[in-house]
Amino acid sequence: MKSRVLQILEDLIRIESVNPHFDQQASGEGEIVRYIERFCREAGLSAARQPVFPGRDNVLIELKTGHPDRVLLFEAHMDTVSLGSMPDPLVPVMSGDRLYGRGACDTKASLAAMLSAFEYLVHQQDSLSCDLVLCASVDEEHAYRGLMAFLEFDLPISGAVVGEPTNLELVVAHKGCVRFAVETHGKAAHSSVPHQGDNAIKQMCKVIDYFSRIVEPKLSASVHPLCGSPTISVGIIQGGSQINIVPERCRIEVDRRIIPGEDPERVMEEIGNELQTNLSPLGVSLQTRELLLDWALNTPIDSEIVLSAQRAAEQLSLNCVPSGATYGSDASKLQALKGIPSIVLGPGSIHQAHSVEEWVSMKEVELAEKLYIRLAQQFGKRS
Ligand SMILES: [Zn+2]
């Protein structure tokens, strides 16, 4: 018979919850919210909505066991990236140990495991030494406004588990990012007399060259033991309007990944100053503009959330060595903005997230449910 957690995951895959940022026709998270509310009513759990955008609400599930001073948060997002060219993305298909579907891995598998764990724990409250909150959030895939709205409640949370695909590895550190645009300004002229103009694309070549020659080697030289080196990548370039006009404007968008210890605001400021200082003398007229800042995660490995997760993993004979990741998650916001020790832990591989063929290992999903249950039971327990 199919396990309860896989039944829930199949239900979640059948519900389209593409983030409207990627597809304006997409319906967002509304239907999943209604599903979770129904689920909670039947399980005897209390669920409340928190409006974030019109028609797009977070759902908060609370399991109070008489430990208001010790609250453990589980968090997983409800939105997915676009359906893309995945065949039948909303039809869960099982094949061998794999369950296919959009969101199967990122991150409906974690959400299903958390819901299933809460459904179990509602009848096992005596086994808990903490209160539990599950936040099913909106908009992680775009600008994590769901989690940011949740943080406004300022709940006294002592530790947090963020559900993202880590192959059940205990991620205590990950990178953050600084996304910014650079615009160069030249002077338009007829392309038959290019010397009368100032080519903004040629100016931008100097900027990109500066990243390759000076910035990249500098970044490679600094290494975080769990996350590796910071990186820089130019993702978009736009410039010029017509083949016979010397372009007066060129713009790039750049993704600079930061490691624990780097502060996103300071990195942004330094990049702006460094480009001005080094490229103005080369005749480059440029402006930088911040697009998105996100913190890196660096949770102390002796914090209670890490130790509880390790004890839980040991009980299930799973790997319990703290590890790092190159991608970002909601966990860094919990840590950076509220000082909440947070880990990322969930079934599935980040390689299948956002991919044309998204799937998750069913064995991992079932283990994730057990791992979350044991972690909750360990948290706050005096050893
Ligand atoms: Zn995700």
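**Reading the labels in a predicted model**

Me: What makes Tyr372 count as buried in this predicted model?
Reply: Tyr372 has a relative accessibility of 1%. Buried means under 20%, so Tyr372 counts as buried.

Me: What makes Phe74 buried?
Reply: The relative accessible area of Phe74 is 2%. The cut-off for buried is under 20%, and Phe74 is therefore buried.

Me: How many aromatic pairs does the structure hold?
Reply: The structure holds four aromatic pairs. One of them is formed by Phe74 and Tyr372.

Me: Why is the pair of Phe74 and Tyr372 called edge-to-face?
Reply: The ring centres of Phe74 and Tyr372 are 5.5 Å apart, with 70 degrees between the planes. Rings pair if their centres lie within 6.5 Å, and planes over 60 degrees apart count as edge-to-face. The pair of Phe74 and Tyr372 is therefore edge-to-face.

Me: Which parts does the pair of Phe74 and Tyr372 tie together?
Reply: Phe74 lies in strand β3 (residues 71–77) and Tyr372 in helix α9 (residues 362–378), so the pair ties together parts that are 298 residues apart in sequence. Ring pairs also link Phe74 and Tyr372 with Phe118 into a cluster.

Me: How do you know that Phe180 is buried?
Reply: Phe180 has a relative accessible area of 0%. Since buried means under 20%, Phe180 is buried. Its partner in an edge-to-face aromatic pair is Phe211, which counts as buried at 3% relative accessibility.

Me: Which residues are the protein donors of the zinc ion?
Reply: The donors are His77 (NE2), Asp106 (OD) and Glu164, which is listed with OE twice. They lie 1.9 to 2.7 Å from the zinc ion, and their spacing along the chain is H-x28-D-x57-E. Asp106 lies in helix α3 (residues 104–121) and Glu164 in the loop between β7 (157–162) and β8 (171–174), so the pair ties together parts that are 58 residues apart in sequence. Asp106 and Glu164 are both buried.

Me: Why is the arrangement around the zinc ion called irregular?
Reply: The four donor atoms subtend angles of 52 to 140 degrees. A tetrahedral site needs all angles between 85 and 135 degrees, and a square planar site needs opposite donors over 155 degrees apart. The angles around the zinc ion meet neither condition, so the arrangement is irregular.

Me: How do you know that the charged end of Lys333 sits over the ring of Tyr144?
Reply: The charged end of Lys333 is 3.9 Å from the ring centre of Tyr144, and the distance cut-off is within 6 Å.

Methods:
Residues numbered from 1 in each chain as written. Predicted model: local features only at pLDDT ≥ 70, side-chain atom pairs only at ≥ 80, totals over all residues. Heavy atoms only, no water. Donors = N, O, S within 2.8 Å, 3.2 Å for Na, K, Ca; no water. Tetrahedral: all angles 85-135°; square planar, octahedral: opposite > 155°, others 65-115°. Helix = DSSP H or I, 4+ residues; strand = E, 2+ residues; numbered from the N terminus. Buried < 20%, exposed > 50% of the residue type's maximum accessible area, 1.4 Å probe, protein only. Phe/Tyr/Trp six-rings, centres within 6.5 Å; stacked < 30°, edge-to-face > 60°. Lys NZ or Arg CZ within 6 Å of the ring centre and 35° of its normal.
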